[in-house]
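These are my notebook entries on one protein chain, written while I looked things up residue by residue. I begin with a single contact and work outwards from there.

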Amino acid sequence: MTDRIEKNIELNAPIERVWRALTDHEEFGAWFGVRLDGPFVPGEIARGRITHPGYEHVKWEATIKRMDRPHYFSFTWHPYAVDPDVDYSGEKPTLVEFRLEPISAGTRLTVVESGFGALPAHRRPDALRMNEEGWAGQMKNIEAYVGA
């Protein structure tokens, strides 16, 4: 079993546009499917609620790690933490990294989520499978959002 998920996409949008879609909390929420309480600030916890139908009961929480404009944005979170009766705070979170690179057509976006190996064994397969599918969908969402 792998410890990481990696997805790449070439977006027909300038790097600053993609950066804004990733790091402005309202824009991020629009394509990601979450309503966030406030802006992303390195070292702070971003909170909100999932807006995807069927998951509205799920709280969204991530610790913002780095924002190196316009090339790198990262946060940690608890992957596939969707059961409201489970306290995930004792688990080691995974690291989500967004890397942006200018290309002739616009921007190459790479998303890497790593650290699945540290999850409890009973949660690891589902978290990995659901986030693998989730990131594939999110790449399509950001592509549509930035107007590719």
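**Entry 1: Arg17 and its surroundings**

I looked first at the side chains of Arg17 and Glu27, which are joined by a polar contact of 2.6 Å (a polar contact is a pair of N or O atoms within 3.5 Å, where within protein one must be able to donate a hydrogen and the other to accept it, and residues adjacent in sequence count only if both atoms are side-chain atoms). Before going further I noted that this is a predicted model, in which local features need pLDDT of at least 70 and side-chain atom pairs count only at pLDDT 80 or more, while totals for chains, interfaces and linings use all residues. I also noted that residues are numbered from 1 along each chain as its sequence is written, and that side-chain values use heavy atoms, with hydrogens and water left out.

Arg17 is found in helix H1 (helices are DSSP runs of H or I with at least four residues, strands are runs of E with at least two, and both are numbered from the N terminus). Is Arg17 buried or exposed? With a relative accessible area of 19%, Arg17 is buried, since buried means under 20%, exposed over 50%, and partly exposed in between, using a 1.4 Å probe and protein chains only. Leaving out residues up to four places away in sequence, Arg17 touches Glu27, Tyr145 and Val146, where contact means heavy atoms within 4.5 Å. H1 as a whole is mostly covered, with seven of its nine residues buried, and Trp19 and Leu22 are among them.

**Entry 2: Salt bridges**

I then looked up the charged pairs, and found that the structure holds twelve salt bridges (a salt bridge is a side-chain nitrogen of Lys or Arg within 4 Å of a carboxyl oxygen of Asp or Glu). Side chains of opposite charge can pair when their charged atoms come close.

Glu27 appears again here, because Arg20 forms a salt bridge with Glu27, the closest N and O atoms being 3.1 Å apart. Arg20 is partly exposed at 39%, whereas Glu27 is buried at 14%.

Which parts of the chain does the pair of Arg108 and Glu10 link? Their closest N and O atoms are 3.0 Å apart in a salt bridge, and the pair links distant parts of the chain, with Arg108 in strand S7 (residues 106–114) and Glu10 in strand S1 (residues 4–11), 98 residues apart. Both count as partly exposed, Arg108 at 26% relative accessibility and Glu10 at 47%.

Arg66 and Asp68 also meet in a salt bridge, at 2.4 Å from N to O; Arg66 is partly exposed at 41%, and Asp68 is partly exposed at 32%. Elsewhere, salt bridges that share partners join Glu10, Glu101 and Arg108 into one network.

**Entry 3: Helix H3**

I checked the length of helix H3 (residues 124–145): at 1.5 Å a residue its 22 residues should span 32 Å, and the end C-alpha atoms are 30 Å apart, which agrees (the expected span is 1.5 Å times one less than the number of residues).

The buried residues of H3 include Leu128, Trp135 and Ile142. Seen down the axis of H3, the buried residues fall within an arc of 110 degrees, so they line one face of the helix, the arc being that of the directions from the helix axis to the C-beta atoms. The face turned away from that side carries the exposed residues Lys140 and Ala144. Among the elements that the buried residues of H3 pack against are helix H1 (15–23), helix H2 (25–32) and strand S5 (72–77).

I singled out Gln138 in H3, which is buried at 11%. A polar atom of the Gln138 side chain lies 2.9 Å from the backbone oxygen of Phe32, and beyond its neighbours within four places in sequence, Gln138 is in contact with Trp31 and Phe32.

**Entry 4: Backbone details**

Lastly I looked at the backbone, where the peptide bond from Arg69 to Pro70 is cis, with omega near -10 degrees. Pro70 is found in the loop between strand S4 (59–68) and S5. In the loop between S5 and S6 I found Tyr80, whose phi is near 50 degrees, a positive value in a residue other than glycine. H3 is followed by Gly147, and its phi is also positive, near 80 degrees.
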